[in-house]
Amino acid sequence: MERNQVLIPQAELARQREFEEKIRRMFEGREAHPVACVDTFGCQQNVADGQKLMGMLRECGFTFTSEAGEADLVILNTCAIREHAEQRVFGNLGALTHSKRENPEQVICLCGCMAQEERVSRRVKESYRHVDLVFGPQALWKFPELLWQVYETKKRVFSVDDEHGTIAEGIPVVRERGVKAWVSIMYGCNNFCSYCIVPYVRGRERSRDPECVLREVRELVEAGYKDITLLGQNVNSYGNDLHIGYDFSDLLSDIDKIPGDYLIRFMSSHPKDATYKLFDTMARCPHVAKQLHLPVQSGNDRVLREMNRRYTREQYLDLVRYAKEKMPGLVLTSDIIIGFPGETEEEAMDTVSLVEEVGYDALFTFIYSPRPGTKAAAMPDPAPRSEKQKWFDKLCQAQNAISASLHAAYIGKTLRVLVDGRSDDGDYPLAGRTEGNRLVRLKGDEDLMGQFINVKITDSNTWALYGQAE
Ligand code: 5AD
Ligand code: SF4
């Protein structure tokens, strides 16, 4: 697609701001103070989308609650990555029939990745008649207009066309208070890993213009955010669609020049597009955290091929070797799927052996969940769930031992930690993150909140480090 078809024109965006104004005036007329409940499921990209929804709602005059029963507007911002996430959403949607019965004026809205699935929107249309508005991620930018249509026509509105996808700059955002912020640098995915629903629901890859990303990061740093994560399904293909000879490493280098006391992280990185140039850039740039989330998914070449991952175990291990060589102390994490259709125990154990060979600091582990419409969902899947669970448990056991020993090696060291919250452990009331994003529970005063401080590590377990502010 042409760039001018991808970028939503300013006039169109201005029109959305007018719809926000109309909704605000409508509520002023009613003298009702509108309250919204935005419930977000899934990944950081969805969290970032949820913050935009709240930004637009704030412009419409809404305040926020976490109680659906108290809200004039309830939004379920959904995730489609695994079946379990979908079941939870259908459960929540069902429960909303009660709140709608109590308050028939309540508007109920389903958005996010699930909403974009034809199978889901059809089911909602037929069987969840209390849902007023359904729209997919590609329609997020025109949410004010869709919401206005619901209020004006009192009819159900569905905006779920299968689209390439667009980029809308300047949507208002409500950010979390604190030091962490998310910045989407690109949207969509072209990779069609055979198990994954994302390319079907988030459209094709499209990169934001570098100046827009740079401006946003600069503003965040100036506003005091200190831990900024760049988001994309595969940030390593950032810029491919811009055709200006500018890639993700170039973006990182340019961001790094922004003065200030902050860290930049990014996710996710597809190994097939990870380059030595990227690791050289990370090593060279002081603001870039020495942390890498590099999802391997499997350690077996046949399974990787069936997954359509387009790298081999050896190629992956070579990347890890190079990255560790350039960045001693690099914190490495990964996503793993166990029980891909047709996977044998031996193949699953290849994944366990890769995990041991790499020595990840932590893993995000999943048992394969068939997603209707993907290639893998049509593959024969003979291994019973109980068998997959055993392989999964072996993987978790192996990883827990690795995490525990890597964490224990920190004891006695002093680390730079960004204090970003409270811990639920009375003895260690504060929580923070190391440069490598490891969780630290620590002793110290409340006024350290939001600061980078030195922490002496005194204890550890599989999931966290414990320490004392120096
Ligand atoms: N089943 C299980 N896990 C999945 N993931 C993506 N699709 C599926 C699926 N169908 C995992 C992958 C991906 C992470 C975000 O979710 O590991 O990297
Ligand atoms: Fe899904 Fe693969 Fe795209 Fe990641 S890269 S979103 S796993 S298709």
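**Exercise 1. Sort the residues around ligand 2 into nonpolar, polar and charged.**

Step 1. List the shell, taking residues with a heavy atom within 4 Å of the ligand. Ligand 2 is surrounded by Cys 189, Asn 191, Phe 192, Cys 193, Tyr 195, Cys 196, Val 198, Pro 199, Gln 233, His 270 and Arg 309.

Step 2. Apply the classes: Ala, Val, Leu, Ile, Met, Phe, Trp, Tyr, Cys and Pro are nonpolar, Asp, Glu, Lys and Arg are charged, and the others, Gly among them, are polar.

Step 3. Count: the shell holds 7 nonpolar, 3 polar and 1 charged residues.

The model is predicted: local features need pLDDT of at least 70, side-chain atom pairs count only at pLDDT 80 or more, and totals for chains, interfaces and linings use all residues. Residues are numbered from 1 along each chain as its sequence is written, chains are lettered from A and ligands numbered from 1 in the order in which they are written, and side-chain values use heavy atoms, leaving out hydrogens and water.

**Exercise 2. Find the polar contacts of ligand 1 with Arg 82, Gln 297 and Ser 369.**

Step 1. Use the cut-off: a polar contact is a pair of N or O atoms within 3.5 Å; within protein, one must be able to donate a hydrogen and the other to accept it, and residues adjacent in sequence count only if both atoms are side-chain atoms.

Step 2. Check the side chains. An N or O atom of the Arg 82 side chain lies 3.0 Å from an oxygen atom of ligand 1. For the side chain of Gln 297, the distance from an N or O atom to a ligand oxygen is 2.7 Å.

Step 3. Check the backbone. A nitrogen atom of ligand 1 is 2.8 Å from a backbone N or O atom of Ser 369.

**Exercise 3. Which strands stand at the edges of the open sheet, and why is one side of each left without a neighbour?**

Step 1. Write the order. The 6 strands (DSSP runs of E, at least two residues, numbered from the N terminus) run β2-β1-β3-β4-β5-β6, with parallel pairing.

Step 2. Find the ends. β2 (63-64) and β6 (157-159) each have a single partner strand, so one side of each has no neighbour in the sheet.

Step 3. Check one pair; pairing takes at least two DSSP bridges. β1 (residues 35-40) and β2 are joined in the parallel sense over 2 bridges. Within this pair, Ala 36 stands opposite Phe 64.

Key
Helices (H or I, at least four residues) and strands (E, at least two) are DSSP runs, numbered from the N terminus.
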